[in-house]
Amino acid sequence: MKLIYSLLLVFCGLVLTNAQKTYTVQGTIQDFHDKTMLENAEVKIGDFTTKTDKKGRFSFDKIPAGTYALVAKHSECNDYTENIEVQQDLHLAITLEHHSEEIETVNLHGSHKTNGSLIVKTLDKSEIEKNSTENLGNLLSRISGVTALKTGNNITKPVIHGLYGSRVSILNNGVKMAEQEWGVEHAPNVDVNDFEHIDVVKGASALKYGNEGVGGVVVLEPSILPKKDTLMGNIKLSGISNGRGGEISANIAKAWENQWFVKAGGSYKKLGDLYIPHHTLQNTGAEVNSFNFSFGNHSFMQGFDVSYSGINQEFGIYKGAHLGSTLDYYNALTFGQAYFLDDFSYDITNPKQEVSHHIAKISAYKRFANFGKLTFQYSFQLNRRKEYDIRRGELNDLPSMDLRLITHSASLTHFIERGNWSLESGISAAFQDNYPNPDTKARRLIPDYYRYDAGAFSVFKYRFNSKFNAEAGIRYDFSRYDAYKYYDENEWNDKYATIFPEFFIQKNDSRVLTRPILDYHNFSANLGLNYKPDNNLEFKLNLSRADRTPNPAELFADGLHHSAAVMEKGDLTIKKEEIYNANLSISAHLNILKGLHIEANPYIMFSDSFINQVPVGIQSTNRGVFPVWNYQQIKARIFGIDADAELKILDNLKWNTGFSFLRGDDLTHNEPLILMMPANLRNTLELKLDKPRNFYISLENMNVFKQNRFPVRNQNVDFIQDGELVTREIDFSSTPAAYSIFNASVGADLFKNLNLNFRINNLFNTEYREYLNRLRYYMPESGRNFIVTLKYNF
């Protein structure tokens, strides 16, 4: 019997073995969004493993029948997991999704997949944190080709290749900021502590962001949270010697594995009167507070987020720039005779500027397998600015200018990518309502107006091979101003009555009420080429043509700009600005010491309708003596070069240098353009060590050369001297001397989560003046400043 049982068991085993059939499992793996077949993707079925070939194909032979867990992996994609039942030969088509944080319709930052032919410079997180107490304009000045146009030492705005104001677009978390940025006296309303990195796109090549950024685009990007359950954040505390103040900021974020997130943050900064070598400047303090909040869900296939950010800024305007007599004005500008020095205070009195800016945004996106990605965004902005002048009696408590600007904007974009090409297209619309409060009992600098905008764009990118790719973009924008403005009767009759009779509404005493309705049709185009013959050499070329609608100040300005201490006058006959731009970038990596990276960026800009602002006179009013600046349209040319180099001397020692030079010409009047950046050279030497952890020490030197090319715009002024009326010439034209300043910084992790950063700006307390500071006639730049920052991460 035992033998019989044994024979039966062997026989049954043979039958079962013969019954255990095997099957073939084959398939392909492709990328979800561009449909390319993925090579070297790993595929596992149970204990069996293989990889895909160049055409994304995989194959398993002799897979026994049964149920298995199938896992597909690729280095650039999220893992794919599925349970499969093998009861027959199978052919599978697997689609992998890229890591969602790597999918960007316009890739700018260095950690993104590519920035294509765009010429981009980036300030990363470490650079922002080392200079977190600086405003945006001063922070961006660390990039070659970028400087700051200033009104005093608190109000700064970025200048890219000599262009500023509404010619430079600023994107705050995807929202194009709509500010009263018409002149130089309005600082961007952002808190740099809110952002992970800042990208500067040079030139008018990023048509996605609108046609007005003919000088460039500043892209402010917050951090991307990890797709896991985590709580993270930081608290920063800074002490600032110049102004005897400080700043505190905090950020906290919570993320979940199901891809929900919530973030919040805020900051507060307070400074008293600022110090210049040997003195303080009265009424130059500042107080700034900000808050931001957002939540949403970002999966690969779809997502949405809701966000809010708000900032309030109060800046004192140096009293020495608002002088009451022509004699004091002449002495200040001619002999450098300063007024209102010392007597330090934290009080901010008139003249001053109060600004608030609120942004609310809703955005959502959805990906479709064969259609691409759709993204919708709506934003609401409220910008409120009050400027207080030195006035008598009860009027001193009233702002001399009270502007409220409301902006609604919406956009819908579509992005599709295939193996060698991508296409991004979109439409947008915006509405603005500007209201100058008449209760100020002062002439309104900017009138009531509505502005309507609509636009459409399309950008096509094509990759010819691994070394060469190109892109071409086109954009159309329509803009309309519908304004209500009073003119003095004589001015209206002399300048506009015969040109715009349809704008006349009625006459009130010696004033004429008008309703200018102005339409602008703007066409912009861009061609970009990117050639990379090997990993150590890259060429980029961007050619663009862009139309820009005149901003409200260029058209309508009429009166005293208190914070800038100037009288401004717009011109209703100004047409749209057409600018032609060419940018070339050449970058190379050389095997010198531990590695040398060099980059050169020559550029040129032409315009037959460039809008320029120049001083044309001096006006004495019951509120002081001020220069008069008028807007005019001219033929202009700007060309220059930016050059950067980074040499890694040792593994832990590097040297960075950046040089910028430009030349601007007013071809209509055959003279140099005003307020063009002087040539400058920046050098930084930085040493990093592992002990203590993240220890670094750096020394920086900034050399700014004298601007020898400037238009002569001197003006005459009359005043009583020794009982006689005399006329004297005031030199508005000459530029300040060259200067060289040093900065030093050191930092390290004191403990696991605690970091210390110590910085000294203007190390040797050098006294100097900047050509691009509109108040340089009255005061020098800030003196030595010690800044210590403690940051706790959790």
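**View 1. I240 sits across from G245 where strands β15 and β16 meet.** Here β15 (residues 230-240) runs antiparallel to β16 (residues 245-255), and the two share 11 bridges. Strands, by the way, are DSSP runs of E with at least two residues, numbered from the N terminus, and two of them count as paired if DSSP finds at least two bridges between them. The link from β15 to β16 is a hairpin with 4 residues in between. Look for G243 in that turn: its phi is positive, about 105 degrees.

A quick note on what you're looking at: this is a predicted model, where local features need pLDDT of at least 70 and side-chain atom pairs count only at pLDDT 80 or more, while totals for chains, interfaces and linings use all residues. Residues are numbered from 1 along each chain as its sequence is written, and side-chain values use heavy atoms, with hydrogens and water left out.

**View 2. β15 also pairs with β45.** β45 covers residues 785-793, and its antiparallel pairing with β15 has 7 bridges. To find your way, pick out L237, whose bridge partner in β45 is L790.

**View 3. K150 and E781 join in a salt bridge.** Their side chains come to 3.3 Å, N to O. The rule for a salt bridge asks for a side-chain nitrogen of Lys or Arg within 4 Å of a carboxyl oxygen of Asp or Glu. K150 belongs to β9 (residues 146-151) and E781 to the loop between β44 (754-761) and β45, so this pair ties together parts 631 residues apart in sequence. By that rule, the count comes to 47 salt bridges.

**View 4. β25 pairs with β24 and with β26.** β24 (residues 401-417) and β25 (residues 421-436) are antiparallel over 15 bridges, and a hairpin of 3 residues connects them. F415 faces E424 in β25. With β26 (residues 448-463), β25 makes another antiparallel pairing, over 14 bridges; there, A430 stands opposite D453.

**View 5. Domain 1 meets domain 3.** Domain 1 spans 21-98 and domain 3 spans 220-793, with bounds from an automatic or database domain assignment. Their C-alpha centres are 52 Å apart. The contact (heavy atoms within 4.5 Å) takes 7 residues from domain 1 and 9 from domain 3. About 760 Å² is buried between them, 64% of it from carbon and sulfur atoms; buried area is the accessible area (1.4 Å probe) that two parts lose on being put together, summed over both. How many salt bridges link domain 1 and domain 3? The count is 0.
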